[in-house]
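Here are some notes to read alongside the model. Please keep the sequence and the 3D view open while going through the points.

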Amino acid sequence: MNMLSPKRLLRNERGAAAVEFAIYSTAFFAMLFGGIYASVAGYTSARLHAAVESAARFRAIGTTCTDATTTQDYAATKFHNITNNSATFVSTSAACGNNVTGTINYRMDWIFVKRTVTLSAAACFPDQSATAT
């Protein structure tokens, strides 16, 4: 039987590539999946901002969105969501005009780490409708 002595075992480099791959791949995959989660969060935030701005603009014009309920429904239809989370939209009248806000709780579930980040957007447009004084 060929037993390795302690001196020969310390000089043996067989398997070094596998150990190096295990060390480096852990960091690589953590950064890869972290980048993917960050990209999805950025896309969700951008779509939320676009939906809120569009709804506030249409509420200010007063043709498609005539009240708070139709404005909230319009914002919900404009929000393209690739996550399983639903957004909440609120339409109010403010000093700046017609204010629409939207929030969504974005969940990041990755192996043992589970975090929730609240994304929000707000837009306010002055009233441009023909009935405005």
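**Notes on the surface patch and the core**

1. Ten residues to find on the surface are Phe 21, Phe 28, Phe 29, Leu 32, Phe 33, Ile 36, Trp 110, Ile 111, Phe 112 and Val 113, which form a nonpolar patch with about 1100 Å² of accessible area together. Helix α2 gives the most to this patch, with six residues. Note that the model is predicted.

2. Ile 111, a member of the patch, sits in the loop between β2 and β3. Its relative accessibility is 59%, so Ile 111 counts as exposed, the cut-off being over 50%.

3. Turn next to the interior. The largest nonpolar core has 17 residues, and those with the most contacts inside it are Leu 48, Val 52, Phe 79 and Phe 89. At least two core residues each come from α2 (16–61), α3 (68–78), β2 (97–110) and β3 (113–125). The largest share, six residues, is from α2.

4. What does Leu 48 contact, leaving aside its neighbours within four places in sequence? The partners of Leu 48 are Phe 79, Ala 87, Phe 89, Gly 102, Thr 103, Ile 104, Leu 119, Ser 120 and Ala 121.

5. Is Thr 44, a residue of helix α2, buried or exposed? Thr 44 is buried because its relative accessible area is 1%, and buried means under 20%. Not counting residues up to four places away in sequence, Thr 44 touches Phe 79, Asn 81, Thr 83, Ile 104 and Leu 119.

How values were computed. Residues numbered from 1 in each chain as written. Predicted model: local features only at pLDDT ≥ 70, side-chain atom pairs only at ≥ 80, totals over all residues. Heavy atoms only, no water. Core = buried A, V, L, I, M, F, W, Y, C linked by side-chain atoms within 4.5 Å. Buried < 20%, exposed > 50% of the residue type's maximum accessible area, 1.4 Å probe, protein only. Helix = DSSP H or I, 4+ residues; strand = E, 2+ residues; numbered from the N terminus. Contact = heavy atoms within 4.5 Å. Patch = residues over 30% accessible without salt bridge, like charges linked within 9 Å, V, L, I, M, F, W, Y side chains within 5 Å. Areas by Shrake-Rupley, 256 points an atom, 1.4 Å probe, with all protein chains shown as cover. Salt bridge = Lys/Arg side-chain N within 4 Å of Asp/Glu carboxyl O.
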